[in-house]
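Here's a quick walk through the model on your screen. Keep the 3D view open and turn it as you read.

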Amino acid sequence: MKAKILFVDDEPNVLSGFQRKLHHEFPLDIALGGEQALAIIQNQGPYAIVVSDMQMPGMDGIEFLAQVEAKSPDTVRMMLTGNADQNTAIEAVNRGHIFRFLTKPCESELLAEMLKAGLKQYALVTAERELLEKTLQGSVKILTDMLSMLDPQSFSRAQRLRDYMGVCARAFNVARPWELEMAAALSQIGFVTIPADVLKRKRSQQALNNPESDILARVPEIGAHLLSNIPRLETVANIVRYQDKNFDGSGLPADDVAGDKIPLGSRILRVLSDLIFIEDRTMTKARALAKLERNPGFYDPQVLNCVANTFDNFVPVTSKGGAVSRPTLFKDLLIGQVLMSDVVTRDGTKLVTAGVPVTSVLLAKLINFASLSGIQEPILVAG
């Protein structure tokens, strides 16, 4: 899609002049005042550049451009005004974060030059954002693939938490739900640092010595440390760090953070983690929630109420409970399918626990084992 430019002024003749002089060179829309312009941006955006007058009734150019920045931060903002005093220019820069400040009358050649510079700036900003997003997605995929390969059981749990978290994020109408869902998906990443024999004894509820209990208690902090090195995941890392913190401030991390000061995503994870743990012991959601409510101080009451009111909608795609299964041969196993039975080698070694989604890395691991030891067939998958 070709980058578009929006001119905003309260004088129709001025806008007609811009269209007449520039439409052959630039894709250009016009808006009569700030309110109309915001509606156009909402319905027809995004715009690469927005050029605004200063003195307009109802909403001046500085307030308008500040709102443009909030709604469309990548848009390059310019001001073209007959009010060229120093205070106006300073406020436009400080509040509207404008790219160029131009005065009327402005020669067509100069205006075209500024628009070309603005388009280059927009291309640079969007390219950098796209690169950062791809880098972020790649980093997260590496971490989740690593978890699926090294600890499939924790990976399966993380996928269920992500599914549950998506419902809660929508119920709370959070501004950036992707942060909460990503935090849930990566909440178990710290387990990749735990020795396999310690994890095995923990999951079979065998006794652990003090050092072993200590390293398990540090799993959220370890996970947060891993994530904090990835740009734009600071909020996600903080959610992971506080996922075991009780609402009354007890638990880890051992600091004075409590109540609403605990990140919302962490408070939700605190409930969902224990809910899944109890559910896995064949207890219904309703009974599991009733059990959680008997622990005042552990959980945010708001989160508990939200989960109680919406738990009927919690049908995670990675859950094996109640799902229909069908047999398949190993050679027909596909990425994205959910395992409904354990995957075991011909000599009886369990490779993957039921309930785990098949990822590219996990499938590669299974192919290697199949070539060496063979895989017992058929394998049950959801569907």
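## Backbone oddities

Let's start in a loop: Q205 sits between α8 and α9 (210–217). Bear in mind that this is a predicted model. Q205 isn't a glycine, yet its phi is positive, at about 60 degrees.

Two cis peptide bonds are worth finding as well. One runs from K104 to P105, with omega near -5 degrees, and P105 belongs to the loop between β5 and α5. The other joins L252 and P253, where omega is about 0 degrees. Look for P253 in the loop that links α11 (234–241) and α12 (264–279).

## The chain as a whole

Now zoom out. The chain has 15 helices and nine strands. Its radius of gyration comes to 28 Å, while the globule rule gives 21 Å for 383 residues, so the chain is more spread out than a compact globule. Along the principal axes, the C-alpha trace spans about 85 × 50 × 35 Å.

## The five-stranded sheet

In what order do the strands of the open sheet line up? Reading across, you get β2-β1-β3-β4-β5, five strands with parallel pairing. At the edges are β2 (28–32) and β5 (100–103), each of which pairs on one side only. From one strand to the next, the twist averages 20 degrees. As a reminder, strands of a sheet pair through backbone hydrogen bonds, either parallel or antiparallel.

For a closer look at one pairing, pick β3 (residues 49–52) and β4 (residues 76–81): they run parallel and are joined by four bridges. Within this pair, V51 of β3 stands opposite M78 in β4.

## Helices on the sheet

Two helices to check against the sheet are α1 and α5. Helix α1 (residues 12–22) lies across β1 (5–9), β2 and β4. The direction of α1 is at about 180 degrees to that of β2.

Helix α5 covers residues 108–150 and packs on the sheet too. The strands that α5 touches are β1, β3, β4 and β5, and its direction makes about 160 degrees with that of β4.

## The second largest pocket

If you like to look for empty space, try the second largest pocket, with a volume of about 550 Å³. Which residues come closest to its centre? They are D151, P152, Q153, R203 and T353, out of 18 that line this pocket.

Several elements contribute to the wall. At least two lining residues each come from α6 (152–172), α8 (196–203) and β8 (350–352). Helix α8 gives the most, with four residues. Sorted by class, the lining of the second largest pocket holds 10 nonpolar, three polar and five charged residues. And α8 brings us back to the starting point, as Q205 is in the loop between α8 and α9.

Key: Residues numbered from 1 in each chain as written. Predicted model: local features only at pLDDT ≥ 70, side-chain atom pairs only at ≥ 80, totals over all residues. Heavy atoms only, no water. Pairing = 2+ DSSP bridges. Axes fitted to C-alpha atoms, helices over the stretch in contact; angles between N-to-C directions. Contact = heavy atoms within 4.5 Å. 1 Å grid on protein atoms, 1.4 Å probe; cavity = no way out; pocket = protein on both sides within 12 Å on 5 of 7 lines; lining within 4 Å. Points joined across faces, edges and corners; volume = space filled by probe spheres on them. Nonpolar A, V, L, I, M, F, W, Y, C, P; charged D, E, K, R; others polar. Rg over C-alpha atoms; globule rule 2.2 N^0.38 Å.
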